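Morning, everyone. Two stops today: a ligand site, then a single serine. Please look at the screen.

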Amino acid sequence: MMQLPACVVHNLQDEYFSSERLFCFLIDENYALVQIWGDAQRWGLDDIPIGHDMRDAAVFLVGCVIGEPQALRFVRLSRHSVAHVHLIPDGRQSYVVLIDASDEHDPTQAKQQKTNELRLMHARQNRLIGRQRELISELIEIRSELDHHRQEAERSSANKSRFIAMMSHEFRTPLASIINYAQLAQEQDASRNDIQKSVETIERSARHLTSLVEALLDDASLSAGRLELVEEQFDCHNLFEDLARMMAPMAAEKGLSFATFVDSDVPKVIFADEVRFRQILINLLGNAVKFTQEGGVRLKVTYSSDRLVVTVSDTGPGISSEDQEKVFKAFERGSKRSETGAGLGLTITLRLVQLMGGEVSLDSQPDEGCTVSIYIPVNVQADPVAAEAPVLPVPDQDALASRPLSILICDDDDDMIALVEHYLHRSGYGLIATSDSSDAIAKTIKYDPDLVLMDCNVPGIGGVGAAKLLRQQGYEKPIVALTASRLNEEERRAFTRFFRKPAPMQELLVEIKRLTH
Amino acid sequence: MTLFTSKVCIVGDFAVGKTSIAERFVNNHFSESYLTTIGVKIDTKLIEVPDLGVSHKLVIWDIAGSDRFEHTEFAYLRGASGYIYVIDGTRTSTLRSAMSLEEQVTDRFGSAPSVVLLNKSDLAGDWDVNESSVKALHAHFGAVFKTSAKTGDAVERAFEKLARRILDNDMRAE
Ligand SMILES: Nc1nc2c(ncn2[C@@H]2O[C@H](COP(=O)(O)OP(=O)(O)O)[C@@H](O)[C@H]2O)c(=O)[nH]1
Ligand SMILES: [Mg+2]
């Protein structure tokens, strides 16, 4: 170390000691105080007797090792005092030197404070940036999702246009024949035979249109998941006979055989959606008859483990496994619609079966015919009274009113009113007609007709509402719905009876007579 | 009553709440404002351990924050009986700092009783430390406390746990 002249050293030492307010004490190996130099009061270390354990008063000594040199910078000993502490060993004793660091502390602190605050701000900023990045990537994701949806929508709208074009074609054919034959029937020189033939064709075309519309509506409701089953009890043997009566002539026309086999195990009365069940079977049988050129079609019904097993087999051209796959795939994909009317029917059939909790199996090879089996879980109705409910006979006699009766009809379609009026007059009923449901209520209250025939989709509060209101107002005679809408069970309860348009007039008249006599 | 005196060091990155934790424990007080600690601040607090018949005087060294110890800081740590590692739960980087500080301490002085404080638990909305990290801390330290110097939540328990570990350690050593 550099050696300075003694007088210089002394001089500097005096200067340093006076400015730095040095304080020093000596402790032995047991931390006992040996001697003190300087301003003890400044450090709160005055009045300590020699020999006292200094760790009490100078707590920083706790854990310190006597005999080792040590330097602790900026030790805050109290609110107002900060010191650099030096332990300087001397044999088995140690000098403890405190150098006041208060003046030095504040600028150091201020500098460090600034640095730390900057770092904190930086950290906070980084977090915000991170969060921002997250948000941006979320945004990007959302955008690509939206893009995807938009493309989907465009695709679906293109599909829709194609579908509409196809449907309008399907509609145009029967419409054209209706118009042409209607004109033909009106021609001056039309023979009775011409007229008869025209009317028959018009009726067939109209029925075809009706079924197209129903298929469309079903498809729309199925796609939107809005189709509800309306379950009720019905005689399924009757249904199968009915179908046979309907299909056998169609098959015969093409020179095909038609056979029905209903196993004796099949319960008579079941609880299911009859309309939908019928629709499924008509579709399967209709397709079978349509595509089979020779041979025949067979309907077989068995019952096992609470399920009706209905098998429709034909000797038609069959379906290649590729096409089978297509049909089922289109179905599974929930594809909105297939390319042809028949395909639409098949897809609907499959979906209806699924809706009824059933399953479909298809067994076919090209040129070897086709067998479709559906398995429909049904609730068996054991009530023998219900099972034997009489089916009304339908001779004309039953339609005629045996005493003068008045019927109120509410329908906003004038043609419909005219048609019903025609039949009711012929059967001897008096008629009150209105096209507004609120007016219907007023007139019913005023004239108290023997029966109300109500369309559901009419101006005013609507048919269902009107029926409910009439009941509230104490009208107790039958209210019969005659509507193109499909009613749910709750809505049906508002009516005594429910007829779906187009309803067979004869059946309607019989029912009106039954209800009013 | 026997009097035990132990030196305890609070370490961790800057602004994690070391000073606030000490202030809460010693004076039951909290301040929102941030005042950077320079060097070291020394405080004492006596806790009674009746079941062991011991009064335990903790000499608490609140050491200036850093993510790495240098020569100056090692001087402060000499002779410590236990360590409190403080992490700011709203800044994951301070978890890494605590881990690396602990490694430095163990390298230099061997393993010692310690606890970990996940501080600022009152700021749940800004919480940045995930559960798997908490589990890892548990596995490593055995004692992890979600503390708040602001509400005082779990602060005392954490100190008592450390004190207990120090006593166990000292008694085993004797
Ligand atoms: N909300 C909240 N703030 C805290 C808590 N602990 C400390 N702080 C704040 O965090 C900042 C840094 O605290 P401080 O004790 O100085 O941190 P140190 O640098 O580790 O000593 C200060 O503004 C404190 O008020 C806590 O538990 N909750
Ligand atoms: Mg601090």
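**The ligand shell**

The shell around ligand 1 splits into seven nonpolar, seven polar and six charged residues. Here Ala, Val, Leu, Ile, Met, Phe, Trp, Tyr, Cys and Pro count as nonpolar, Asp, Glu, Lys and Arg as charged, and the others, Gly among them, as polar. Some ground rules: this is a predicted model, where local features need pLDDT of at least 70, side-chain atom pairs count only at pLDDT 80 or more, and totals for chains, interfaces and linings use all residues. Residues are numbered from 1 along each chain as its sequence is written, chains are lettered from A and ligands numbered from 1 in the order written, and side-chain values use heavy atoms, without hydrogens and water.

Which residues come nearest to ligand 1? A15(B), K18(B), S20(B), E32(B) and D122(B), out of 20 around the ligand. A residue is around it if one of its heavy atoms lies within 4 Å. Helix α1 of chain B, residues 18–27, gives the largest share of the shell, three residues. Helices are DSSP runs of H or I, at least four residues, and strands are runs of E, at least two, numbered from the N terminus.

Now the ligand's oxygens. A backbone N or O atom of G17(B) lies 2.8 Å from one. For a side-chain N or O atom of K120(B), the distance to a ligand oxygen is 3.1 Å.

Last stop: S364(A), in strand β11, residues 359–364 of chain A. S364(A) counts as buried because its relative accessibility is 7%; buried means under 20% (1.4 Å probe, protein chains only). Its side chain reaches the backbone oxygen of G369(A) at 2.8 Å.

Note on methods. Buried < 20%, exposed > 50% of the residue type's maximum accessible area, 1.4 Å probe, protein only. Polar contact = N/O pair within 3.5 Å; in protein donor to acceptor, adjacent residues only side chain to side chain.
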